[in-house]
Amino acid sequence: MKYVVIFFICFWPANLIAQIPDGFVSVQEIIDDIEIELRYFTSNNFVGKPIDGYHANKLVLTSGAARALKQVHEELQESNLCLRVYDGYRPQRAVNHFVLWAREITDTITKQKYYPDVQKSNLFNEGYIASRSGHSRGSTVDLTIIDGNTGEPLDMGSPYDFFGEISWVNYNGITEKQQKNRNLLQSLMLKHGFRNYPKEWWHFTLRNEPFPNTYFDFLIE
């Protein structure tokens, strides 16, 4: 008797492996030339190591936020400027990672770079770390403007994710040029449907966001 062995090989579409919920998009599919530098996918952030939930340098936002961001990007390109995005949708597990880090008071390896003038024990009270983040609702984005020729970011007066008054939108102790750069970013984002966060010049949330009370936890991959 002869036996025939049959092997079945299944190829799963990539979108089934890394599916995102309805109402969300990969922003690169909407804005193909936007620059993405997700800091929490790397060790170049205030925790000093990659953050839970970030498995790819892939910017995910709600569809409405992505479309509004495209309008900002296109208007900047008229002046040979572009957007660089540091964070968008953020899984709740990443926020939990931040909370655990903030409670480890003795872990201050990144203090000099990111929060030299703030005690780590005060990061919660001063509004820099929270157990819930608008990023997890999918319509919040952290970003800056870069020069279209050099790729260098415009000088905003403080680095991204710097915890301190110098990062506040209305801080007066920066140069006229730095203030002009901040005003450009603020005016364009507000013009195209975003609202700012007063303590972080880089942080914006879509007005009338589609999931105002839902905090998602799907992976970025």
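Helices and strands here are DSSP runs, numbered from the N terminus. I'm working from a predicted model.

**Ser136.** I looked up where this residue sits, and it is in the loop between α4 (111-114) and β5 (140-147). Buried or exposed, I wondered of Ser136? Its relative accessibility is 0%, so I put it down as buried, the cut-off being under 20%. Next I checked its side chain, which reaches the backbone oxygen of Arg90 at 2.7 Å. Arg90 also turns up in the contact list for Ser136, once neighbours within four places in sequence are set aside. Tyr89, Pro91, Gln92 and Val95 are in that list too, along with Thr214, Tyr215 and Phe216.

**α3.** Gln92 and Val95 took me to this helix, where both are buried. I noted Ala94, His97, Phe98, Val99, Trp101 and Ala102 of α3 as buried too. Then I checked the helix length: 12 residues at 1.5 Å each should span 16 Å, and the end C-alpha atoms are 17 Å apart, which agrees.

**Nonpolar core.** I pulled up the largest one, which has 54 residues. Phe46, Leu69, Leu143 and Met189 have the most contacts inside it. Elements giving it two or more residues include α3 (92-103), β5 and α5 (176-191). Which element gives the largest share? That is α2, with six residues.

**Phe46.** I finished with this one, again leaving aside neighbours within four places in sequence. Phe46 is in contact with Phe98 and Trp101, both of which I had already noted as buried in α3. Its other contacts are Tyr40, Thr110, Tyr114, Ile129, Asp161 and Phe163.

Key: Residues are numbered from 1 along each chain as its sequence is written. This is a predicted model: local features need pLDDT of at least 70, side-chain atom pairs count only at pLDDT 80 or more; totals for chains, interfaces and linings use all residues. Side-chain values use heavy atoms; hydrogens and water are left out. Helices (H or I, at least four residues) and strands (E, at least two) are DSSP runs, numbered from the N terminus. Buried means under 20% relative accessible area, exposed over 50%, partly exposed in between (1.4 Å probe, protein chains only). A polar contact is a pair of N or O atoms within 3.5 Å; within protein, one must be able to donate a hydrogen and the other to accept it, and residues adjacent in sequence count only if both atoms are side-chain atoms. Contact means heavy atoms within 4.5 Å. A nonpolar core is a set of buried Ala, Val, Leu, Ile, Met, Phe, Trp, Tyr and Cys residues joined through side-chain atoms within 4.5 Å. The expected span of a helix is 1.5 Å times one less than its number of residues.
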